[in-house]
Structures are given as structure tokens and as C-alpha cells.
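Okay, thanks for squeezing me in. Let me put the thing up on the screen, and then we'll walk through it one chain at a time.

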Amino acid sequence: MKTALTLSPDPIDEAALAKARSISDDMGAVVTFSGVVRGREDEAAITSIDYESFDDMTKRQFELIFTEIEQRLPIESIRLVHRTGIVQVNESSLWVEVVAAHRAEAFDACQYLIDQMKLRVPIWKKPIVT
Amino acid sequence: MQSKPHMKLNVRFWSYFADVTGCRETAIEAEAGSTLGQLHDLVCKQFPKLADARKSTLKVVGVDYQDDDFVLSDRDEVSLFPPVQGG
């Protein structure tokens, strides 16, 4: 299974990521997910979220999750981008792409990846209030 | 009487734990053979506000989660932080 992980303070260029997609002829499902910063956090209006990451451990935990997915599901590739630093409301903080032969395993892998990320990957949010 | 040997540990704080403690990291001396749980006790004594979040605190040695029974080694780098919130 091919994997690509990017942690970056730069905006996520979804068009460029889609253009760079590489899939083999046997693949029939591409699931992408974009997590976007909402304008409210705990009922308060916010302008942005400051994402803090323990980068070395974040990479380690994502690699462990990728390995678990590879052992459970027939996935060809996963690409994941997570922003760090300030992300404005309406901007994407997370982008995930899963490529598989069929949609069931692609959706399953995407869901598992994000669920596990929220349990284990050391990234924290600090909302910036208006 | 000879004192018990000690080890030096570096403890890093992440997210709001850094605000609560007023620092990103601190050096702590503990008895050789101390566990991660015992170190957590020492840290909570030094920074009492962290004791409020004791049950939900996640504990890491290097880049791997460990439980309270994990036996620490000299120069280990320990990280303490609240539940994660990626995405």
C-alpha cells in the first residue's frame, strides 16, 4: 500500500492533489474527505483554529494507523494532508484520499483512519475567538 | 548512608498543558527504576494544576503511548498532554 503524509502550514490545494493522483487500472474507487474549519466552536463564533502538532509522534501514529489499514483492507493508496498553525474558517484543515478497487473498503478505510486519528494522533486545536 | 541512584528525565508539555505549567518542557530527577505513573505523580506535585486533568492525561515516552507501569530509563523523553483533537 502506498502512503503519503504531509503536515504543513500551507493551504491545502485540493485541485493540485487531485491532479497528482496516480491509480492503477484495477482501481474503481477514490474516496476523498475534506475537513473544514467551522465558524463556531462550543457555541462561540471563531475566526480560525490554531493547530498544534507533536510532529514526530504525529508521523509515527499515522504510520501505525496506515499499517493497521493495510493489514485489514485491500487498499492501493492513502494520501493525507493535515494543516498546522492557523487555519481560517471555511478552509480545509484535513484532506484524505483513499484508493481501492471497490467503494466499501475505500469508505471503511477513510472512516477508520479519521476515527483513529481523533483518538491517537497528537494534534490539538486552539480556537481563535472573534 | 548512600542515597538511591537517580535518573534525569525530560518532560514535555503539549496543548494547554504548556499554558497551565508555564513551560514547554522541564527536567525532572526521579529514582532509578521509577515508572511513568510515579513520574506523573512528581510532575503533578510540581505543577498542581495538572492534577485536575490527571485521569484524562495521555502519557508518551519518545513517540509511543505507554501506561503507568512503564519503567523509565535515564534520559527518557516523556510527553504529557490532554486528549487529542486532530481534524
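So, charges in chain A: there are 15 positive and 21 negative ones, and their mean positions sit 2 Å apart. For the count, Lys and Arg are positive and Asp and Glu are negative, with His and the chain ends not counted. Each charge is placed at NZ of Lys, CZ of Arg, CG of Asp or CD of Glu.

Quick housekeeping before I go on. This is a predicted model, where local features need pLDDT of at least 70 and side-chain atom pairs count only at pLDDT 80 or more, while totals for chains, interfaces and linings use all residues. Residues are numbered from 1 along each chain as its sequence is written, chains are lettered from A and ligands numbered from 1 in the order in which they are written, and side-chain values use heavy atoms, with hydrogens and water left out.

Back to chain A. What are the pieces? It has 3 helices and 8 strands, and from the N terminus they go β-α-β-β-β-α-β-β-β-α-β. Helices here are DSSP runs of H or I with at least four residues, strands are runs of E with at least two, and both are numbered from the N terminus.

On overall dimensions, the C-alpha trace of chain A spans about 50 × 30 × 25 Å along its principal axes. Its radius of gyration is 15 Å, which agrees with the value near 14 Å for a compact globule of 130 residues. That radius is taken over C-alpha atoms, and the globule rule is 2.2 Å times the number of residues to the power 0.38.

Of those 130 residues, 45% are buried. Buried means under 20% relative accessible area, exposed means over 50%, and partly exposed is in between, using a 1.4 Å probe and protein chains only. As for contacts in chain A with a separation of 6 or more, 79% come from residues 24 or more positions apart; contact means heavy atoms within 4.5 Å.

Let me zoom in on a few residues. Phe66(A) is in helix H2, residues 55–72 of chain A. Buried or exposed? Phe66(A) has 2% relative accessibility, so it counts as buried. Leaving aside residues up to four places away in sequence, Phe66(A) touches Met1(A), Thr3(A), Leu5(A), Ile78(A), Leu80(A) and Leu113(A). Also, Phe66(A) and Ala4(A) are 62 residues apart along the chain, yet their C-alpha atoms are separated by 9.9 Å.

Thr84(A) is a loop residue, between strand E5 (75–83) and strand E6 (85–88) of chain A. With 16% relative accessibility, Thr84(A) is buried too. With the same four-place exclusion, its contacts are Leu7(A), Ser8(A), Pro9(A), Tyr51(A) and Ser53(A).

Now the backbone oddities. Most residues other than glycine have a negative phi. Glu43(A) isn't a glycine, but its phi is positive, about 75 degrees. You'll find Glu43(A) in the loop between strand E3 (40–41) and strand E4 (44–53) of chain A, and it is exposed, with a relative accessible area of 68%.

Chain B has one of these as well: Ser15(B), not a glycine either, has a positive phi of about 60 degrees. Ser15(B) is in the loop between strand E1 (6–13) and helix H1 (16–21) of chain B. Unlike an exposed residue, Ser15(B) is buried, at a relative accessible area of 13%.

While we're on chain B, it has 2 helices and 5 strands, running β-α-β-α-β-β-β from the N terminus. How are the strands arranged? The 5 strands make an open sheet in chain B, in the order E2-E1-E5-E3-E4, with mixed pairing. Strand E2 (25–31) and strand E4 (64–65) of chain B are at the edges with a single partner strand each, so one side of each has no neighbour in the sheet. Two strands count as paired if DSSP finds at least two bridges between them.

One pairing to look at: strand E3 of chain B, residues 58–61, runs antiparallel to E4(B), joined by 2 bridges. Tyr65(B), in E4(B), is the bridge partner of Val60(B).

Last bit on chain B: buried residues are 44% of its 87 residues, and its 10 positive and 13 negative charges have mean positions 5 Å apart. That's me done, so shout if you want any of those residues back on screen.
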